[in-house]
Every structure is written in C-alpha cells, then in structure tokens.
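Hi,

Here is the structure I promised to pass on. Have a look at it first, and then read my notes below.

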Amino acid sequence: MDTIFALATVPGKSGVAVIRVSGPSAFQSCNVFGFSPPEPRLSALRRLVHKDRGFLDEALVLTFTEGASFTGEYVVEFHVHGSVAIINTVLDCLTEVQGFRPAEAGEFTRRALNNGRLDLTQVEALADLIDAETEMQRKQALKGFTGRLREKSESWRGDLIHALSLLEATIDFADEEVPVDVSDDVERLLTGVLDTMDREISGFGVAERVRSGFEVAIVGPPNAGKSTLLNALAGRDAAITSEIAGTTRDVIEVRMDLGTLPVTFLDTAGLRETTDEIESIGIQRAIQRAKAADLRVFLRGEGQFSDLEPLEHDIVIDGKSDLRSDGQGVSGLTGVGIQKLVEDVKDYLLSYATFAGLVSHERQKEVLVLARRSMSKALDFVRSGPAMYDLGSEELRASIFMLERLVGRVDVEDVLDKVFSSFCIGK
C-alpha cells in the first residue's frame, strides 16, 4: 500500500499548517528532513532540513503508531508555519520519496473506514461536521460522529439475531425436545425493533432539515413589504424594492444562522391574479417553494389570493406597520416588529427540530426502510405459525444484512465514491 500525504488544513496563508502523512512508510518522512521519528503521541520541535534544499522550517512533529491514529495506520503530522512557500516545498520533498504519493480527496477518511476506525455513518457525520455552520448542525453531526446511530443499529442487530436464533432452533430441532412455539418471544423482539426504528425513520425529515437548513417563505400580495422585510432580516439589499407591483419575479434566498438554526428566508413574488406571463411564472414558483417550506410568514396587504392558504403553524402578520395608525405588525423599513417575528420563527423551528432523529442522510433512511420492510414480512410469517418460520428466517437475514449496509460492513462499494466526493483533499 502506498504512503499518502497532503495538506490537512485550509490551503493558503495561515498561522500554522498541518501536513499529514499516512501509510506503512510514514515514519520515513522524518528521515527525509534529517531526523529520526519522535516518540509516538508526544509533540517534538524539529528543524526540517532537506539534503538538497537545506533548512526549510522549524516544525512541531507528531507521530502515531499503527492502530492508534485517525486512519489506523502509521501517521506523521508536520505542523509547519503556514507560508505557502513552506507548504509547497515540504510537499515537493515528500513527492520525491519512492512509495509516497499525494492523497486523493477523502482518502485519509476512507482508510479510516477500511481499517475499522470509523463506520460509514460516522464518515457521513464527519462530512456534516466539517460543513456545519450553526451550533445545532454541529451538535447533530457530533451525534453521528460519536457513533450514536451505529450503537442504535447494533442494538437492533442484536435483537434480530436473537429472534433469528429462536426461529432457527425451532426449524433445526423440530423433532427434539425444544420449545416449538417461540412466536411470542420473536414477536416481542421484532415489534420492539420496529417501534424504535419507526421513530428514527419518522425523524429523518427534521434531521435532514437541520443538516441542510430550514426554509421560511415570506408570502403575501404585491407591495405588502416582503422584499423590504427580507432586506432588513439580511442586513443588506438582497432584494429589489419598489412601489411597482410585481417587481419580484423570482424567488430570492438569504441564508443565515438564526439562534443556532440554519435558516434560508425566501422572498417570493406577490400573489395575485395576473395576465403577465413572466409574472405568472414567478407566482407559480412562489407557490411551489412556499408549500415546500418549513414555515410561511404571511404578510397581510391589499388583495386576496386563494391558491395558498396559511396552515395552523404559519405566522400571519400585517406588513408595512409604519403606514398603519396603530403601529401593529412588522416593518422592514423601520424595524418595528422584526425582533418579535424572528423570535416567533426561531421558537417554532426549535420546537420542530426536537423531533430530529439520528438518521440524517437519504442513504441511511433508504437502508432502514428496506430493513423495516423485511422485518415486517418476517413478523407476518411468524404470526402465521411454525410452518412459515423458514420464510421468516430469510426475511430476518435480509434485514440484518441491511443493518450491515447501514454501517458499511458489507456491499457498500457502490456508495463509497458518492460519500467521499464531498470530502476535501487532506481529509
């Protein structure tokens, strides 16, 4: 196996840059710069001196033995000063070593998976952790990275194996003195797994929203103050504002961190009946995005539009409160009511987010749905009596296989390239 290396920190100038080397010959990288590998897992200050290029830098060097590193291989990390020139020179020196090559995108993490340091759900969570922009995204990603979903899967797998062993004992020793009717025990095990798995599957939608971001659509008739409100929320002129009805033709998006939540506010075309073909397309897009949003803020104004009605949890409020004598509602122009609106949006989304499960990727959900389908069939066979236990056993094996796929133990080569395509070089 090749020894790989790459810059593990962000490219460009920085205070400190980390260059990681992993593989069977990783410790030889120290010899390239004129010193022996330091004691594993203890930092050591070393001068990097190359036989042809001379003194390169003074670096902090860390070494990890096989089985004790992120990748599970021998690893050396060079913490050098973050000069682009230093980084490029150190990488060039490593390129010249026989058996060394630059790492591909995500290759360090892929080796961690292959060496049993991480399972596939942890790999997916690691990508989410790197991409996390808000506190809630960070917390959710850490749940996956610390193995919470794997632990849940192992618990399900243990119960299914127990149920399978009961069925197999009945099938294999039907003529001997063993309990024939194990249906109650098997049913108890399967229904328990089905109940907890259903909760995780049902929480996927919310968990996926935490990972990718919630959407809040601002809707209402033309000139209700939607674009001005969006600009006030964004703190910049994200949308064009005008007294001319129909100015907003397409959906305008502004993404922000709203009290630990990743939220995208959508400014939509004013809802009204129109004969303008382009405006009509904008209105239809507005309706589609608003219906798909997690929450809608309806700004009341002149005119009614029956094709989109507020749901029970939606926020309905008067726009342009600066033009009202009672000052009620919200105004993007003066800022009146904006803080309360933000708090109302945040409170609803936070309560909604409490339903998030551990399953946050479509791949994970699909695997669990297939596992659940096989379990349900197995349960039906068990309830049909001992004559159908052999068919129930086959369905249980299929379900166990799916749980193995969930954590990446079997038959996952078809998804690995897709998973690791989101990783950067150096991770």
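First, a bit of vocabulary: I say a charge sits over a ring if NZ of Lys or CZ of Arg is within 6 Å of the ring centre and within 35 degrees of the ring normal. Also keep in mind that this is a predicted model.

With that in hand, look at Arg-20. Its charged end sits over the ring of Phe-108, 5.2 Å from the centre of that ring. Arg-47 does likewise with Phe-55: it lies over the face of the ring, at 4.0 Å from the ring centre.

Next, rings with rings. The structure has 4 aromatic pairs. One of them is Phe-27 with Tyr-74: the ring centres are 5.2 Å apart and the planes meet at 70 degrees, so this pair is edge-to-face, the cut-off being over 60 degrees. The partners come from distant parts of the chain, 47 residues apart. Phe-27 is in the loop between β2 (16-22) and α1 (28-32), while Tyr-74 is in the loop between β4 (54-64) and β5 (75-81). Are these two buried or exposed? Neither, quite: Phe-27 has a relative accessible area of 21%, which makes it partly exposed, and Tyr-74, at 29%, is partly exposed too. Buried would need a value under 20%. Elsewhere, Phe-214, Tyr-348 and Tyr-352 form one aromatic cluster.

You may want to find the annotated positions. The UniProt entry, which is unreviewed, has a "binding site" annotation covering Ser-227 and Thr-248. In the model, Ser-227 lies in helix α9, residues 226-234. Ser-227 counts as buried, because its relative accessibility of 11% is under the 20% cut-off.

On cysteines: how many disulfides are there? The count comes to 0, going by pairs of cysteine sulfur atoms within 2.5 Å. Two of the cysteines I looked at are Cys-30 and Cys-93: Cys-30 is buried at 0% relative accessibility, and Cys-93 is buried at 1%.

Last, helix α13, which runs over residues 389-407. With 19 residues at 1.5 Å a residue, α13 should span 27 Å, and its end C-alpha atoms are 28 Å apart, so the two values agree. Just after α13 comes Gly-408, with a positive phi of about 90 degrees.

Cheers

Conventions:
Residues numbered from 1 in each chain as written. Predicted model: local features only at pLDDT ≥ 70, side-chain atom pairs only at ≥ 80, totals over all residues. Heavy atoms only, no water. Helix = DSSP H or I, 4+ residues; strand = E, 2+ residues; numbered from the N terminus. Expected span 1.5 Å × (residues − 1). Phe/Tyr/Trp six-rings, centres within 6.5 Å; stacked < 30°, edge-to-face > 60°. Buried < 20%, exposed > 50% of the residue type's maximum accessible area, 1.4 Å probe, protein only. UniProt positions renumbered as here; feature names shortened; annotations may be inferred.
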